Amino acid sequence: MTEQSPRTLIIKRVHEEAREIRAFDMLPEGAARAHGLAFQPGQVAVLQVGGDGERAYFAIASAPEDEEVEFLVKQTNSPASSALYGMPVGGRVRLLEIAGHGFALDEQKGRDLVFVAMGTGVAPLRSALRSVLRRADDFGQIVVLYGARTPEHFCYSDEVESWKAAGVELRQVVSNPSGYEWAGSTGYVQSLLDHVLPSLSDPVALVCGSREMIEQTRDRLHTMGFAPERILTNY
Ligand SMILES: Cc1cc2nc3c(=O)[nH]c(=O)nc-3n(C[C@H](O)[C@H](O)[C@H](O)COP(=O)(O)OP(=O)(O)OC[C@H]3O[C@@H](n4cnc5c(N)ncnc54)[C@H](O)[C@@H]3O)c2cc1C
């Protein structure tokens, strides 16, 4: 956990990222340009939304080096998520604390990195990836495996082009392709591991998703010979 007093964050921009998923760029009240918050890539913010005290975990989707902090919010039945999802530019939320350990990227220098993310788990993935791409020479090959429910649920469609241009190998998988023109892989994101791991040397996996997905991915990586210390989660 990062020691820091609760702060008010002001929403500066809202953009539709995918079906029922919006991104919110925020700055602490009083900050003109840079957010000035201390956090590690992949860490999670505890946000309090609205006056009635609804609070929830939201992974920070921006890198520490970015000027604003970004959150990716899915419209769900969770009171905090649905309240934040509907907030306009100028809206205010409370940042109560920053939790989770995030990803200690400096300890992975020289290694190939395999990011594995499902759904809004792309938020902590993006935070770490944006940090990594600022110093890509420090790392080996970078692979991103990203699973979504349908093609309409993939976030950061514009940005992934810059990831690919920077040499990232991106593989996407959809679990529910019916009704869509989707010629790519189908199923859960873990199924992509078999195809990419044999080509990597000394890789480390950075896994972002639900607890169930993390456990299943961990089991699969163990079976494939990954040492426990080579499987990282953000919280
Ligand atoms: C610490 C923490 C941080 C969080 N941060 C955020 C946040 O920043 N924003 C936010 O909106 N919510 C956040 N949540 C809420 C929660 O993480 C998400 O609802 C959850 O990750 C599911 O994501 P989703 O609803 O987008 O996935 P879904 O859309 O339900 O699923 C995404 C894809 O994963 C597939 N899938 C389902 N089960 C598995 C499985 N077992 N293995 C592999 N793939 C599977 C689905 O079929 C689909 O293809 C957070 C929760 C915690 C505890």
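**Entry 1: the ligand**

Which residues around the ligand come nearest? I started here, keeping in mind that this is a predicted model. The ligand has 28 residues around it, and I noted Lys74, Met118, Gly119, Ser175 and Met213 as the ones that come nearest.

Next I looked up which elements build this shell. I found that strand 4 (54-59), strand 5 (69-74), strand 8 (142-148) and helix 5 (211-223) each supply at least two residues. Strand 5 gives the most, with four residues.

I also sorted the shell by residue character. My tally is 14 nonpolar residues, eleven polar ones and three charged ones.

**Entry 2: the domains**

I wanted to know how the chain is divided, and I found domain 1 (7-99) and domain 2 (105-233). Their C-alpha centres lie 23 Å apart. The contact between them takes 16 residues from domain 1 and 15 residues from domain 2.

On the side of domain 1 that touches domain 2, strand 1 and strand 5 each supply at least two residues. I split that side of domain 1 by character too, and got nine nonpolar residues, two polar and five charged.

Back to the ligand for a moment: which domains does its shell draw on? I can write down both, since at least three residues come from each of domain 1 and domain 2. Strand 5 therefore gets two mentions in my notebook: it gives the most residues to the ligand shell, and it supplies at least two residues of the domain 1 side facing domain 2.

**Entry 3: strand 1 and its partners**

I followed strand 1 (residues 7-18) next. Strand 2 (residues 21-28) runs antiparallel to strand 1, and eight bridges join the two. They form a hairpin with two residues between them, and I made a note of Glu20 in the turn, where phi is positive at about 55°.

Strand 1 also runs antiparallel to strand 6 (residues 92-99), with four bridges joining them. I used Ile10 as my marker residue here. It stands opposite Leu27 in strand 2, and its bridge partner in strand 6 is Arg92.

**Entry 4: the six-stranded sheet**

What order do the strands take in the open sheet of six? I read it as 10-9-8-7-11-12, with parallel pairing. Strand 10 (185-186) and strand 12 (231-233) stand at the edges with a single partner strand each, so one side of each is left without a neighbour in the sheet.

I then checked the pairing of strand 7 (residues 113-118) with strand 8. These two run parallel and are joined by six bridges. As a reference pair I picked Val114, whose bridge partner in strand 8 is Val143. Strand 8 was familiar by then, as one of the elements that supply at least two residues of the ligand shell.

**Entry 5: the whole protein**

I finished with the overall picture. I count five helices and twelve strands in the protein. The radius of gyration is 17 Å, close to the 18 Å that the globule rule gives for 235 residues, so the protein is as compact as a globular protein of that length.

Along the principal axes, the C-alpha atoms fill a box of roughly 50 × 45 × 30 Å. How many of the 235 residues count as buried? My entry reads 38%.

Last, I looked at the contacts with a separation of 6 or more. Residues 24 or more positions apart account for 71% of them.

How values were computed:
Residues numbered from 1 in each chain as written. Predicted model: local features only at pLDDT ≥ 70, side-chain atom pairs only at ≥ 80, totals over all residues. Rg over C-alpha atoms; globule rule 2.2 N^0.38 Å. Buried ≥ 20, exposed ≤ 12 C-beta atoms within 10 Å, placed from the backbone. Contact = placed C-beta atoms within 7 Å. Near = placed C-beta within 6 Å. Nonpolar A, V, L, I, M, F, W, Y, C, P; charged D, E, K, R; others polar. Domains from an automatic or database assignment. Pairing = 2+ DSSP bridges.
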